[in-house]
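Biologist: I have a model open and would like to learn how to read it feature by feature. Could you walk me through it?

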Amino acid sequence: MGISVKNVSKAFGSFQALQNISVEIESGELIALLGPSGSGKTSLLRIIAGLESLDEGGILFDGHNITKVNPKERNVGFVFQHYALFRHMTVFDNVAYGLKVRPRKHRPSKETIRQKVNELLSLVKLESFADRYPSQLSGGQRQRVALARALAVEPKVLLLDEPFGALDAKVRKELRRWLRKLHDEYHITSIFVTHDQEEALDVADRIIVMNGGKIEQIGTPEEVYEKPASPFVYDFLGNVNLFKGRLHNGMLTQGTFTMHVSDDLQGTTYDEAVGYVRPHDIVLEKERSAVDTVAATITHIHLVGPNVQVELRRQDEEEYLEAALSKEQFLHLSVQKGDTVYVRPKQLKVFIPEDFSI
Ligand SMILES: Nc1ncnc2c1ncn2[C@@H]1O[C@H](COP(=O)(O)OP(=O)(O)OP(=O)(O)O)[C@@H](O)[C@H]1O
């Protein structure tokens, strides 16, 4: 089922929660709605589900305008952060619930329901837990039951609101894999809300980055991470180093640092431009080999698994930088805390003041 969100606006009192949101979601896509608290993610999800009204715009499912269609008739499965399982029902009955309460005309036979529920429980690897009650399950297991329950009614669209938000990091990771697997197996168009960038980058086909009730960027994980459209997206999706400076004649200059910028900014002059560089796009050299480098002192070396994070302080400005190297690169560099190195951004994306307004 393809979903079109067309010029949707929503206000709560005088507060504008969503401002003219438009997005096209293709059938079978797994989409992450990512953004900080209050950016409007849940409101948008609830509007798609029909649980919240909208002030302007419309929602289309496969080209049909369903803006005024009752949530029950939208064929949407919903999974919330807090597993809304029925406490007095077994796992089996929880998963079977949506099928059992169908009007008699559309209700499958007892045997069909049994087969369907067993199939789903085996998919989420909870076959042997069918007779347990929710209180006898871990948080991760409960959320897997919630997923199976949402899928039982064969929804055309699956909407998940911070489904793993209440769980610890390891279980979250495991459940992400589940979500991806279930999604791939059932090909349901799925949208999940998260404020965890790693979660979004890890599982989504595309990410919608939201900020202040607006969409900042829509793209694949690679696109939003490698080619952020705005300073906000850069900041929100990972660590970043800032090189503030004057943009003039195709160069960004700050202190003793000058760097060539991309061609599209050649003719522009700004006193307050900012260059953004990801830690893994910073090269450290022991000898000064290029013009576009700046001298810095190593203040901390943090070895984490196969990666090495190096913290540095620029020698010309009171500013700290962070570089991420592979262990191999680090050993080859052969440096220690207190050493001077030359920092060279491999890739610098420059934003000008008007990019900062939201
Ligand atoms: N029923 C409501 N009445 C008044 N204001 C609301 C209501 N629902 C949401 N809001 C406001 O709208 C804004 C967007 O809320 P929303 O829940 O969509 O954000 P979110 O991005 O999902 O945030 P979070 O990650 O904290 O859940 C927030 O400022 C919130 O306070």
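Biologist: Let me start with a pair of strands. In which sense do strand β1 and strand β4 pair, and over how many bridges?

Modeller: Happy to help, and please keep in mind that this is a predicted model. Strands of a sheet pair through backbone hydrogen bonds, either parallel or antiparallel. Here β1 (residues 3-12) and β4 (residues 56-61) run antiparallel, joined over 5 bridges. To find one of the contacts by eye, start at I3, whose bridge partner in β4 is F61.

Biologist: What is the strand order of the open sheet?

Modeller: The order is β2-β1-β4-β5, an open sheet of 4 strands with antiparallel pairing. At the edges are β2 (15-25) and β5 (64-65), each of which pairs on one side only.

Biologist: Which helix packs on the sheet, and which strands does this helix touch?

Modeller: That is α1 (residues 41-49), which touches β1, β2 and β4. The direction of α1 makes about 120° with that of β1.

Biologist: Now the backbone angles. What should I expect of phi in general?

Modeller: Most residues other than glycine have a negative phi. In this model, N7 has a phi near 45°, a positive value in a residue other than glycine. N7 lies in strand β1. E162 also has a positive phi, near 45°, and E162 sits in the loop between β7 (157-161) and α5 (169-186).

Biologist: Are N7 and E162 buried or exposed?

Modeller: Count the neighbours. N7 is exposed because just 12 other C-beta atoms lie within 10 Å, and a residue counts as exposed at 12 or fewer. E162 counts as buried because it has 20 C-beta neighbours inside 10 Å, where the cut-off for buried is 20 or more.

Biologist: How much of the protein chain is buried?

Modeller: Of its 358 residues, 36% count as buried. The secondary structure comes to 9 helices and 20 strands, and the C-alpha trace spans about 75 × 45 × 30 Å along its principal axes.

Biologist: Which domains does the domain assignment give?

Modeller: It gives domain 1 (3-235) and domain 2 (239-356). Their centres, taken over C-alpha atoms, are 39 Å apart. Domain 1 brings 4 residues to the contact and domain 2 brings 6 residues. On the side of domain 1 that touches domain 2, the residues are 2 nonpolar, 1 polar and 1 charged.

Note on methods:
Residues are numbered from 1 along each chain as its sequence is written. This is a predicted model: local features need pLDDT of at least 70, side-chain atom pairs count only at pLDDT 80 or more; totals for chains, interfaces and linings use all residues. Domain bounds come from an automatic or database domain assignment. Two residues are in contact if their C-beta atoms, placed from the backbone, lie within 7 Å. Ala, Val, Leu, Ile, Met, Phe, Trp, Tyr, Cys and Pro count as nonpolar, Asp, Glu, Lys and Arg as charged, and the others, Gly among them, as polar. Two strands pair if DSSP finds at least two bridges between them. Helices (H or I, at least four residues) and strands (E, at least two) are DSSP runs, numbered from the N terminus. Axes are lines fitted to C-alpha atoms, for helices over the stretch in contact, and angles run from 0 to 180 degrees between N-to-C directions.
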